[in-house]
Amino acid sequence: MKRIAAFLLTSVAVQSIGAQSFIQAYKDRADMVTQANITANLQQFAGLGIKTTGSAANTAAFDWVKNKYLSYGYAANTITEDIFTYGSTNPKNLIITKTGTLYPDKYVIICGHYDTIIGAGVSDNGSGTSIILEAARILKDVPTEYSIKFIHFSGEEQGLLGSKHYVNNVAYEAGVQKLDIKLVLNIDQVGGLIGNNNNTITCERDTGGVSSNNAASNTATQELMNCTTLYSPLQTNLSYAYSSDYMPFEAKGYIITGFYEYLRSQNEHTANDTFANIDPVYVFNVGKAAVGALQHFAVAATTNNLLSTNENSVRKASESVRIYPNPAKDTVTIEFPQKVKQFSVEIGDMAGNIVLSTENQEKINVSGLKNGVYTFTIKTDKGNTTKKIIIEK
């Protein structure tokens, strides 16, 4: 994200907002954000290097994000790629759609960019990328009235290229609106600086551009602030939207809001934007706020008793078998809660081909498999369990 030097123009007044009901199920799911997952995502993002739009590292980052969704169980037909041109390269935006129960054709978008400039960009914007991934993992099987699109843009650092392309060619086509979007929630640079008192997050409202959507954006941002205090330990600061991937949406009249770090690290667009310099706990807390807010905006189910007795039995059986590590490199371990003498394992690729099968092997050599996502199906006399595992050398 690019910020003007006169940052003091930002309003720093913490706003009081009207009552908004606390929902225990929303809090329970917000609390499913784990520090371990956030930290692992940030470290893996850092390890991909400088992800300049159009570079090999940028492509690797795209593949890494896509494989995360496959590992969470998102079906291939829910994942789409939006390709645009940058010089002689063809970078991609990644879009994952979770269909709503009552309003399948009206969307809440949560988005952020995964490209970086100069450095590894762990705060700008590995932080937003990690939070969107965690929200998608947690809400995958939670019914929401409105559809959700999880979008990862490239080309942000070169002038919002990816988001402009998406808005002008997908949300709109030949000047005609194709997507009915309820709200766009953008997350950009929320890593903070390690050592700062990172107890406040900036919530951004629309104050310019197309004036007809300003009032609705202000209302949505007030709701975002309230969700933040309801479902995370963070305080809130009200500011204005500026120069990130929500702006092309704003220009078309869509309602926008967003998160941005309150105490700036000043490491964006430098080699100092590393995992060592950010505050992973801050990212974790912003993640809680994001999951709470996304449930509010998409109107998630308000009970956690969503599974039938049979489905609960299947889920418990699935969770009783551990398959680790994930991602894996050379060896995958199968661990049962009790000793099982007879079992078989079938490993399939995403095209549905069986690429490896074993019997009664708790440690499986997968060094011969290429990088990608695979299904591991464990068959016993008690039934079958299937999980997705990423192979990552």
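1. Helices and strands are named here as DSSP runs, numbered from the N terminus, and in this predicted model the loop between β9 (235-240) and α7 (247-251) is where S243 is found. Although S243 is not a glycine, it has a positive phi of about 50 degrees. Its relative accessible area is 22%, and S243 is therefore partly exposed, since buried would require a value under 20%.

2. A second residue with such a backbone angle is A174, whose phi is near 55 degrees, a positive value in a residue other than glycine. A174 lies in the loop between β5 (172-173) and β6 (176-177), and with a relative accessible area of 77% it is exposed. A further positive phi, of about 60 degrees, is taken by V299, just after α8.

3. Helix α8 itself deserves a careful look, and its length can be checked against expectation: its 19 residues (280-298) should span 27 Å at 1.5 Å a residue, and the end C-alpha atoms are 27 Å apart, which agrees. The N-terminal end of α8 is capped by D279, which places a side-chain oxygen 3.1 Å from the backbone nitrogen of V281. Most of the helix is covered, as 17 of its 19 residues are buried.

4. Turning to the interior, the largest nonpolar core has 62 residues, and Y69, F150 and F259 are those with the most contacts inside it. To this core α8 gives the most, with 11 residues. If residues up to four places away in sequence are not counted, Y69 touches Y74, I79, L94, I96, I132, L133, A136, F150 and H152. Another core, of 18 residues, lies apart from it and includes I151, F153, A241 and Y246.

5. The strands β14-β13-β16-β17, in that order, form an open sheet of 4 strands with antiparallel pairing. Its edge strands are β14 (354-359) and β17 (383-391), each of which pairs on one side only. On average, and with direction ignored, neighbouring strands of this sheet are turned by 20 degrees against each other. Within the sheet, β13 (residues 344-348) and β16 (residues 372-380) run antiparallel and are joined by 5 bridges; E346 has T377 in β16 as its bridge partner. Helix α3 (residues 56-72) packs on the sheet, where it touches β16 and β17, and its direction makes about 170 degrees with that of β17.

6. S123 has its place in helix α4 (residues 122-139) and, with a relative accessible area of 1%, is buried. Its side chain reaches the backbone nitrogen of G191 at 3.1 Å. The residues that S123 touches, not counting those up to four places away in sequence, are Q189, V190, G191, G192, E261, D273 and I278.

7. Two cis peptide bonds should be noted by anyone inspecting the loop between β11 (322-324) and β12 (331-335), in which P325 lies and in which P327 is found as well. The bond from Y324 to P325 is cis with omega near -5 degrees, and the bond from N326 to P327 is cis with omega near 10 degrees.

8. Finally, L102 is found in the loop between β2 (92-98) and β3 (103-113). Its relative accessibility is 52%, and L102 therefore counts as exposed, the cut-off being over 50%. Between the C-alpha atoms of L102 and G383, which are 281 residues apart along the chain, the separation is 34 Å.

How values were computed: Residues numbered from 1 in each chain as written. Predicted model: local features only at pLDDT ≥ 70, side-chain atom pairs only at ≥ 80, totals over all residues. Heavy atoms only, no water. Expected span 1.5 Å × (residues − 1). Buried < 20%, exposed > 50% of the residue type's maximum accessible area, 1.4 Å probe, protein only. Polar contact = N/O pair within 3.5 Å; in protein donor to acceptor, adjacent residues only side chain to side chain. Pairing = 2+ DSSP bridges. Axes fitted to C-alpha atoms, helices over the stretch in contact; angles between N-to-C directions. Contact = heavy atoms within 4.5 Å. Core = buried A, V, L, I, M, F, W, Y, C linked by side-chain atoms within 4.5 Å.
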